[in-house]
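This report covers backbone geometry, the contact between the chains and the confidence of the prediction. The sequence and structure come first.

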2 protein chains.
Amino acid sequence: VALPIAVDAMGGDRAPAEVLEGCRRARDTRGERVLLVGRPEVVQGQGFEAIEASETIAMDEDPAQAVRRKKDSSLVRAAEAVRDGRAAAMVSAGNTGAAMAAALFRFGRLKGVTRPAIATLIPVPGGRPTVLLDSGANAECQPEWLVQFARMGSCYARVRLAIEHPRVGLMSIGEEAGKGSPLVKTANELLDATPDLRFVGNVEGRDVMGHEVDVVVTDGFTGNVILKTLEGSVNFAMAEVRRRLAGLAGAEILEPLYAEVDPETYGGAMLLGVDGVCVISHGSSSARAIDNAITTARELVDLHVVDALRGPMHTDRAEPAGS
Amino acid sequence: VALPIAVDAMGGDRAPAEVLEGCRRARDTRGERVLLVGRPEVVQGQGFEAIEASETIAMDEDPAQAVRRKKDSSLVRAAEAVRDGRAAAMVSAGNTGAAMAAALFRFGRLKGVTRPAIATLIPVPGGRPTVLLDSGANAECQPEWLVQFARMGSCYARVRLAIEHPRVGLMSIGEEAGKGSPLVKTANELLDATPDLRFVGNVEGRDVMGHEVDVVVTDGFTGNVILKTLEGSVNFAMAEVRRRLAGLAGAEILEPLYAEVDPETYGGAMLLGVDGVCVISHGSSSARAIDNAITTARELVDLHVVDALRGPMHTDRAEPAGS
């Protein structure tokens, strides 16, 4: 029997109701095995396996401090369930930084990884999604970390999206190698000197939702801004389209497109670089997003993504962990 | 008689053909007075006033160096025409950095401005556009510059968009003041201590195309990434909508929306902080974009935007120019 997916029942703006509903959908539609983690009154009597946790980490708490102090929080207990072999993966729509810290402290890092990064799939209508990383784990980055992100992202695209030699681009404000911030200029040189990557050079904002590149590497500040800009603009534009087409016969032909570009379709990003599967969902996740995040977590477990990452990260060229 | 708008006939990926066509439209539809600046064989015989310039600055040339060396380039001559009172404003779709350098060196800075910034209007369907700055002039910024950008952007929104007390937000990766890069954290404190601004705190990527804020302040790297991400995703999404609706009766009801969100609608961004009107158009500008950029330039002249900026920038609180 497959190990369950540990779900943080307390995480997210719409927890616990939407989280519970998402878990029910995963169970009822696919027979998914869920391990609920959270306050006793929330996790008991729901028909799921459960781990009780007396504490909750709020969305705006300081992540590292919260994880250190709240040892009986749902996030920490979920991470421990994975570490202890009671769950195959964890899913949380809670405080992103805290989810990351819990996974990092309890799972540990993969060899060769200085900092884990959040990898998000950006939907590209009519094509394969683009892997964007770091989409929010590290507001400030060193150029060497971006090379590690490139390696992890490339491996992730290969395993998850079945792209044999993923094209990796570095986010900048011009395609020329000499353009951008000092971080980008140095990272460009380092990436160019990394033979095991198919580095295609600098890319620009418009390439994230395009067909020219498979993996976009950037620091966590820029990546998070890109992600939220995309979500906001696409949601906004689609809402306007829907509003203006209201009542028009045949307009339902757009329903698949709305679903395709909806950020909830992928329902969660993977934290790459830790020794276990941690799927981080949007704070505003609905039941549908949670259900999709559980699907994602199961897929990542079945694809052995973490094992696949061990090879590429553990090379002579990679910076030793902890440096 | 109003002074003409100086247009760089050589600037942009589609120059000179589309630029000339844009100038013709401006003249023929609105009686606009255009002063063409460029190579003799391009600017002569077109029925416009003309300034001959023997040199051209390429899209990928080093901006400051090109402007220093190519004193007879169309960009430099266009900026000189404004400085010398032969034109009311300049418009270029050429090398952005060079257009900026030409304007900076020939017009000079406004008092209180350390670095000029590019202010772009982001279309918001069903609402007023958002002013985004810096959208590409300064890849690296000091926190104090962001305060200047906030002042300039606020003044610009007041004069151009007729918003009495514009709401100014600082781009970050979370609404809490303590979130973001060190640059953002310091800038947040400085902005909070600036009483003449209506600072609403940190905003996120999704707010750029939203109704909650009028001015979004950020460094030129992040701003440029946001701008191109928006352009790319909205264009991509709209193209998909159009493709999937092809042949559906009544689908033309979306035409106004396509036009509204098209980046070419505003046809150019203003360089704020120099002592003259400089409108910078997208490198890929079509005739329509050039025509709209000329409209924008005329509007900015008529609104006396540069004069309006003198007051807010020349305060005791503002950092002295050149510091």
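In chain B, A162 sits in the loop that runs between α6 (143-161) and β7 (167-171). B:A162 is not a glycine, yet its phi is positive, at about 55°. The model is predicted, and this backbone value belongs to the prediction like the others below.

Two cis peptide bonds can be listed with their places in the chains.

| Peptide bond | Omega | Place of the second residue |
|---|---|---|
| A:L133 to A:D134, cis | near 0° | A:D134, loop between β6 (130-133) and α6 (143-161) of chain A |
| B:A15 to B:P16, cis | near -5° | B:P16, loop between β1 (5-8) and α1 (17-30) of chain B |

**Contact between the chains**

How many residues of chain B are in contact with chain A? The contact involves 49 residues of chain B and 49 residues of chain A. The size of an interface is often given as the accessible area lost when the parts come together. For chain B and chain A the buried area is about 4000 Å², with 73% of it on carbon and sulfur atoms.

Nine residue pairs between chain B and chain A are in polar contact, both residues being at pLDDT 80 or more. Three elements of chain B each give two or more residues to the side that touches chain A: α7 (182-192), α8 (220-245) and α9 (255-261). Of the side of chain B that touches chain A, α8(B) gives the most, with 19 residues. By residue class, this side of chain B divides into 25 nonpolar, 14 polar and 10 charged residues.

Salt bridges between chain B and chain A number four. One of them joins the side chains of B:E260 and A:R244, with an N to O distance of 3.1 Å.

**Relation of the two copies**

A turn of 180° with a shift of 0.0 Å along the axis lays chain B on chain A at an RMSD of 0.0 Å. That is the relation of a two-fold axis. Why do the copies meet through the same surface? They do so because 100% of the interface residues of chain B are also interface residues in chain A.

**Confidence**

For the complex, the predictor gives an ipTM of 0.91 and a pTM of 0.93. Chain A has a mean pLDDT of 93, and 97% of its residues reach 70 or more. Residues 316-323 of chain A have pLDDT below 50, and this stretch has 18 contacts in the model beyond near neighbours in sequence. Where pLDDT is low, the predicted coordinates should not be read in detail.

Terms used. Residues are numbered from 1 along each chain as its sequence is written. Chains are lettered from A and ligands numbered from 1 in the order in which they are written. Side-chain values use heavy atoms; hydrogens and water are left out. Contact means heavy atoms within 4.5 Å. Buried area is the accessible area (1.4 Å probe) that two parts lose on being put together, summed over both. A polar contact is a pair of N or O atoms within 3.5 Å; within protein, one must be able to donate a hydrogen and the other to accept it, and residues adjacent in sequence count only if both atoms are side-chain atoms. Helices (H or I, at least four residues) and strands (E, at least two) are DSSP runs, numbered from the N terminus. Ala, Val, Leu, Ile, Met, Phe, Trp, Tyr, Cys and Pro count as nonpolar, Asp, Glu, Lys and Arg as charged, and the others, Gly among them, as polar. Copies are superposed by least squares on the C-alpha atoms of residues with pLDDT of at least 70 in both. pLDDT is the predictor's confidence in each residue, from 0 to 100.
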